[in-house]
Structures are given as structure tokens and as C-alpha cells.
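Work through the exercises below with the sequence and the structure open beside you. Try each task yourself before you read its solution.

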Amino acid sequence: MLMSKSMREQDFKKSQTLDKTPIKPPGAPRFRLKGKSEKKNSDRTVTAMSTEEEFCQDLLVEGYVQSFVDFYHLTHRADPNSTDGNQTKIRCTPEDMSFIRNNLVLAELSRRQGNIIGVYTAYNKLAGSYKNKMDWKTAIFFQKKCLEVAQLTTDLKAEMAANHTLGEVYQQMGEFGDARLRHERHEEIAVSIDSAEDIVAANVELHKVYLVLAQGLEQAQQDNEEQDPHSPDEALQMFEKCLGASIKCEDLAAQGEANGKIGNLLLRRGDAAGALPFLEQHSEISTNIGDTEARCRACSSLAWALDSLGEDQRALAELSLVHSISEQAGDAYLQSQACRALGTLYSKVGQLKEAVNVLQRHFDLVKAITSSASREEGSSSPVNIGDLELARVFVGISKGNLMMGSYMHAINFNMNTLLDWKLSRADLSGS
């Protein structure tokens with residue numbers, strides 16, 4: 001039986017007034033609702049999240065796929081500073097994860113919007129954070145991203161900053177070859193734009209890098225006895241680079257040190273004449289800046305060079321100056337070293353009484369240093385028992401040299417005097 005039009009209208013109105021129960025999907029919701037405190041921008045505070053899983057879910061929901069990939073690897077890897085051989089998983093606090101997440105999102109969002117400065121800033125913050133945590137490889141990863149951004153935009157200031165930071169991180173890792181390349185690139189750009197401040201900053205680090213590389217080359221040459229004497233002296237060349245860098249960064253102490261390194265290297269190679277101007281420069285700079293220890297080392301090396309050139313009196317004057325400076329400074333160890341060198345030179349030039357006096361002083365100083373170190377538990381001493389015995393030998397040799405004339409005279413002309421000296425240590429000079 002067909003319904004009338006009026007009945008159909010009544011049924012329709014009745015259906016509109018019925019309460020309907022909302023339909024919910026079965027099971028728990030796949031993603032949680034966002035907290036009220038969370039903002040909808042890239043640098044929002046994420047106080048509601050505390051685990052890696054929550055941060056990862058949030059990044060996927062927001063659509064930051066690249067940030068999710070980077071975040072996952074950064075928070076689920078082995079701890080780079082762990083001493084445990086089992087590769088302990090890195091621990092990240094909620095604050096750390098929030099910092100990582102915000103900067104990764106900032107970098108990805110800035111890239112989408114074409115905001116290169118935002119990309120550089122985000123990666124630079126991440127690189128700085130990992131550098132402070134001594135996670136060198138991760139710091140290099142993000143700093144290289146900064147460098148790529150700077151190179152793409154031809155931002156020379158940013159490129160210099162990235163190269164400088166990369167060089168510092170490589171230095172911390174002990175990879176001085178890579179550090180050299182980065183700092184040299186920094187200097188190259190600084191010179192091209194005539195930035196005096198950056199030239200100085202680059203050369204401050206280049207001086208340190210060149211010094212380490214030069215010392216390594218010098219040690220390698222010493223170990224390689226079969227080296228061709230006509231081959232270029234790489235250690236000397238690197239020390240010269242070190243001197244050049246110290247001049248560019250206007251560091252007088254570094255200039256003095258570099259001059260001393262070159263002078264001492266030439267001196268050990270037997271080129272006393274070539275070493276002399278560098279050692280004189282080291283001595284002069286050390287005097288001007290008031291560095292007592294450096295001045296003593298410079299004068300000692302200068303005395304060695306002058307002695308090698310046959311200028312005994314000038315050598316004695318330099319060593320006497322070392323003795324005087326170290327005595328004024330109250331440095332017992334420097335005094336002992338000066339006395340030893342001075343006594344040896346006195347013996348060489350035939351001033352035997354002076355040699356005995358100075359070498360006796362050397363023995364007394366070494367004995368005092370050794371005794372003081374033995375009384376103070378845990379203290380380190382620059383000298384040991386072997387040095388004390390050697391100082392005793394020097395005194396004995398110097399006294400023997402002084403007595404040699406009287407001894408030979410007694411043997412030839414007065415054996416009774418020699419016997420008296422042997423029995424009672426009577427004075428042989430009365431013979």
C-alpha cells in the first residue's frame with residue numbers, strides 16, 4: 001500500500017528530531033591531540049613532549065620529514081663520548097630534544113621559504129651546541145652545512161666564520177692538516193675583502209697549527225736517519241710559516257717563540273751562523289715583553305751559537321746574563337741550568353777556578369731542589385737523583401782540572417807532597 005504524501009512528510013520530520021549517537025573509530029586514536037601550551041610555529045616550546053617517540057610523531061604529523069630523519073638519527077645513535085665498548089645509546093634530555101627539534105624545523109621551514117639566513121642560523125646553533133658537548137663529528141656535520149649555505153649564497157663573511165669554526169674543531173680532534181686548510185681558506189677570503197680583523201683571527205690559529213705541524217715534521221726527520229740531505233727541509237719551512245703567521249697576527253710572544261724555534265733548529269743542524277739572527281731576535285723580543293723564562297732560553301741558545309762560532313767571551317756574557325736573570329727571578333731550576341752551562345764553558349776556556357765555583361753552585365741547587373721535592377708528597381720535580389749524581393760528577397771533574405797542574409808538578413818534583421795530599425788531603429799548591 002502506497003504512503004500518502006502527508007505521511008511521508010511526517011516520517012521525515014520525525015527522523016530529524018531523533019538523537020543520533022556519534023560514530024567513533026575503533027581502538028585508541030593514532031596520534032594524540034596537541035597541548036594547549038604548544039604554538040603552531042617552528043620555534044614553539046614543546047613542554048608536553050618528553051620522549052623521542054613523541055617528538056618523532058610530532059614532526060611527522062607536522063609534515064617535517066627531513067627534520068624527522070635527522071632528529072631520529074641524532075637521538076637514537078651511540079654516545080660519541082662514551083668510554084664503554086658496548087656503544088651506549090646517547091642520552092638526551094627533553095630540553096636537548098626540544099632544542100634539536102626546533103632548530104631542525106627552523107632549517108627545513110626556512111629552506112622551503114627561501115630564507116637562507118634562517119637555514120644558516122639554525123645549523124650554526126646546532127653546530128655550536130655539539131661543539132660545546134665535544135661531539136666533534138656532529139659539530140663538523142652541521143658546520144659543513146653552514147659552509148654549503150654560505151658558498152651557495154656567496155656570503156663571504158658567513159663562509160669565513162664557518163671555515164674558522166671548522167678549523168677549531170679539527171684542532172680539537174688533532175687533525176691539524178684539515179685545520180690548516182680551513183684556516184688558510186679563512187685567511188684567503190679575509191685578504192680578498194681586506195678584512196684586517198679576520199686576517200688576525202685566522203693567523204692566530206694558523207700559528208698554533210703550523211707550530212704543531214712543524215714539530216711533527218722535525219721529529220719525523222730526526223727519526224728518519226736515511227733522509228736525503230739535499231731534500232727540502234719541511235720542518236724549517238713550516239717554522240717559517242709559523243713565524244709569518246705570528247707577524248700577521250701581531251703577537252710578539254708568538255714571534256719570539258717562532259724565532260727561537262727556527263734558531264734552535266738551525267743550531268742543531270750545525271748552522272750556527274744562520275741561527276744567530278733568529279736567536280738574537282728571540283732574545284730581544286723576550287726582553288721587550290718581560291718574559292724571563294723565554295729570555296733565559298734565548299740567551300742560553302745564543303751562547304751555544306756564539307761558542308760554536310768561537311766567540312767565547314760573548315758566549316760567557318750571555319750565560320752570565322742568564323745566571324743573573326734567573327737569580328733575580330728566584331727560579332732555582334733555571335739557575336741550576338745556567339750554572340751548569342756557564343761552568344762547562346768556563347772549563348772550556350780555561351777559567352778553572354770560576355768553573356769550580358759555578359759547578360759547585362749547580363750541585364747545591366740541584367740538591368736543594370731534589371730535597372724539597374722529596375719532602376713534599378705528590379709534588380713533581382724537574383730534576384731527579386740521576387741529575388744530582390751528574391752534578392756531583394761535574395764538580396769532581398772541574399776540581400780535578402783545577403788540580404791537574406799541581407798534581408803533575410808534584411809527580412815530577414815532590415812525591416812526598418803528593419803522598420801527604422793522598423793521606424791527609426794537604427794542599428798540593430804548596431809543592
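**Exercise 1.** In this predicted model, find which helix holds Thr-370, and decide whether Thr-370 is buried or exposed.

*Solution.* Begin with the position along the chain: Thr-370 belongs to helix α16, which covers residues 352-375. Next, consider the relative accessibility, which is 14% for Thr-370. Since buried means under 20% relative accessible area, Thr-370 counts as buried. As a last step, look at the side chain of Thr-370, where a polar atom lies 2.8 Å from the backbone oxygen of Val-366.

**Exercise 2.** Locate Ala-78 relative to the helices α3 and α4, classify its exposure, and list the residues that Ala-78 touches beyond four places away in sequence.

*Solution.* Ala-78 sits in the loop that runs between α3 (65-75) and α4 (94-113). Its relative accessibility is 29%, and because partly exposed covers the range between the buried limit of 20% and the exposed limit of 50%, Ala-78 counts as partly exposed. Leaving aside residues up to four places away in sequence, Ala-78 touches Gln-87, Thr-88, Lys-89 and Ile-90. For Thr-88, which is 10 residues from Ala-78 along the chain, the C-alpha atoms of the two residues are separated by 5.5 Å.

**Exercise 3.** Describe how α3 and α4 are arranged: at what angle do their axes cross, and within what distance do they come?

*Solution.* The axes cross at roughly 150° and come within 9 Å. Because angles over 145 degrees count as roughly antiparallel, α3 is roughly antiparallel to α4. The crossing of these two helices is right-handed. The residues of this contact divide into seven nonpolar, three polar and three charged. Among those that meet are Phe-71 and Leu-74 in α3, with Ile-100 and Leu-104 included on the α4 side.

**Exercise 4.** Carry out the analysis for α5 and α6, asking at what angle they pack and how far apart their axes are.

*Solution.* Helix α5 (residues 116-132) packs against helix α6 (residues 136-152) at an angle of about 160°, and their axes are 8 Å apart. This angle makes α5 roughly antiparallel to α6. The crossing of α5 and α6 is left-handed. Turning to the residues that meet, α5 contributes, among others, Val-119, Tyr-123 and Leu-126, while those of α6 include Trp-136, Phe-142 and Val-149. Sorted by kind, the residues of the contact of α5 with α6 comprise 13 nonpolar, three polar and two charged.

How values were computed: Residues are numbered from 1 along each chain as its sequence is written. This is a predicted model: local features need pLDDT of at least 70, side-chain atom pairs count only at pLDDT 80 or more; totals for chains, interfaces and linings use all residues. Side-chain values use heavy atoms; hydrogens and water are left out. Helices (H or I, at least four residues) and strands (E, at least two) are DSSP runs, numbered from the N terminus. Buried means under 20% relative accessible area, exposed over 50%, partly exposed in between (1.4 Å probe, protein chains only). Contact means heavy atoms within 4.5 Å. Axes are lines fitted to C-alpha atoms, for helices over the stretch in contact, and angles run from 0 to 180 degrees between N-to-C directions. Angles under 35 degrees count as roughly parallel, over 145 as roughly antiparallel, 65 to 115 as roughly perpendicular and the rest as oblique. A crossing is left-handed if the near helix is turned anticlockwise from the far one by less than a right angle, and right-handed if clockwise. Ala, Val, Leu, Ile, Met, Phe, Trp, Tyr, Cys and Pro count as nonpolar, Asp, Glu, Lys and Arg as charged, and the others, Gly among them, as polar. A polar contact is a pair of N or O atoms within 3.5 Å; within protein, one must be able to donate a hydrogen and the other to accept it, and residues adjacent in sequence count only if both atoms are side-chain atoms.
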